[in-house]
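Student: Could you take me on a close look at the salt bridges in this model? I'd like to go through them slowly, one pair after another.

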Amino acid sequence: MQNLEQIRAAHALEPAKKLDRSAVNKLPAMILANGLLAAAAFCDAEGGGDNRKDMKAALNATAAHLAERGLIATGKNSAKGIIEDLSGRDSQHLHRATSEALAFIAYLKRFAPKK
């Protein structure tokens with residue numbers, strides 16, 4: 001049986017290879033300052049260049065991890081899915097999902113290459 005740290009690391013390995021570490025580094029501060037839903041809305045918005053694309057890809061990977069862990073509905077594997085699912089849940093569930101998202105993003109940051 002794997003512990004939660006092993007599960008997070010395993011889920012982060014592949015998606016992190018396609019990301020730019022500098023873009024992923026911005027996500028935790030954005031989530032802490034504005035909340036997971038606002039960060040997801042920012043990343044899902046049109047435009048913004050390559051950094052925003054990498055941030056959106058990181059949140060899409062995070063959504064897939066959250067769905068795998070049962071914190072959002074299966075099939076909501078995108079930044080938009082995070083918004084759709086968690087906006088209808090209670091604040092304790094949002095807090096739990098945010099904590100798990102931050103822990104997962106820490107692994108994405110560790111594994112993402114510098115570009």
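Tutor: Happy to! A salt bridge is a side-chain nitrogen of Lys or Arg within 4 Å of a carboxyl oxygen of Asp or Glu. Keep in mind that this is a predicted model. Six salt bridges are found in the structure, and we can visit some of them.

Start with glutamate 14 and lysine 17, which form a salt bridge whose closest N and O atoms are 2.8 Å apart. How open is each partner to the outside? Buried means under 20% relative accessible area and exposed means over 50%, with partly exposed in between. Glutamate 14 has a relative accessibility of 47%, so it counts as partly exposed. Lysine 17 has a relative accessible area of 53%, so it is exposed.

Next, find lysine 56 and aspartate 44. Their side chains meet in a salt bridge, with 3.3 Å from N to O. This pair links distant parts of the chain, since lysine 56 sits in helix α4 and aspartate 44 in helix α3, 12 residues apart. Lysine 56 is partly exposed, because its relative accessible area is 29%. Aspartate 44 is also counted as partly exposed, because its relative accessibility is 23%.

Now turn to glutamate 100 and arginine 8. They form a salt bridge in which the closest N and O atoms are 2.7 Å apart. Glutamate 100 belongs to helix α6 and arginine 8 to helix α1, so this pair ties together parts that are 92 residues apart in sequence. Are these two residues buried or exposed? Both glutamate 100 and arginine 8 are buried. There is a third partner to look for here: Glu5, Arg8 and Glu100 are linked in a network of salt bridges.

Let's finish with the nonpolar residues, to see where the same helices turn up again. The largest nonpolar core has 32 residues, and among those that touch the most other members are Leu27, Leu59 and Leu108. Helices α1, α3, α4 and α6 are among the elements that give two or more residues to this core, and α4 gives the largest share, seven residues. For a single example, try leucine 27: leaving aside its neighbours within four places in sequence, leucine 27 is in contact with Cys43, Met55, Ala58, Leu59 and Ile105. As a general background, nonpolar side chains tend to be buried together in soluble globular proteins.

Key: Residues numbered from 1 in each chain as written. Predicted model: local features only at pLDDT ≥ 70, side-chain atom pairs only at ≥ 80, totals over all residues. Heavy atoms only, no water. Core = buried A, V, L, I, M, F, W, Y, C linked by side-chain atoms within 4.5 Å. Buried < 20%, exposed > 50% of the residue type's maximum accessible area, 1.4 Å probe, protein only. Helix = DSSP H or I, 4+ residues; strand = E, 2+ residues; numbered from the N terminus. Contact = heavy atoms within 4.5 Å.
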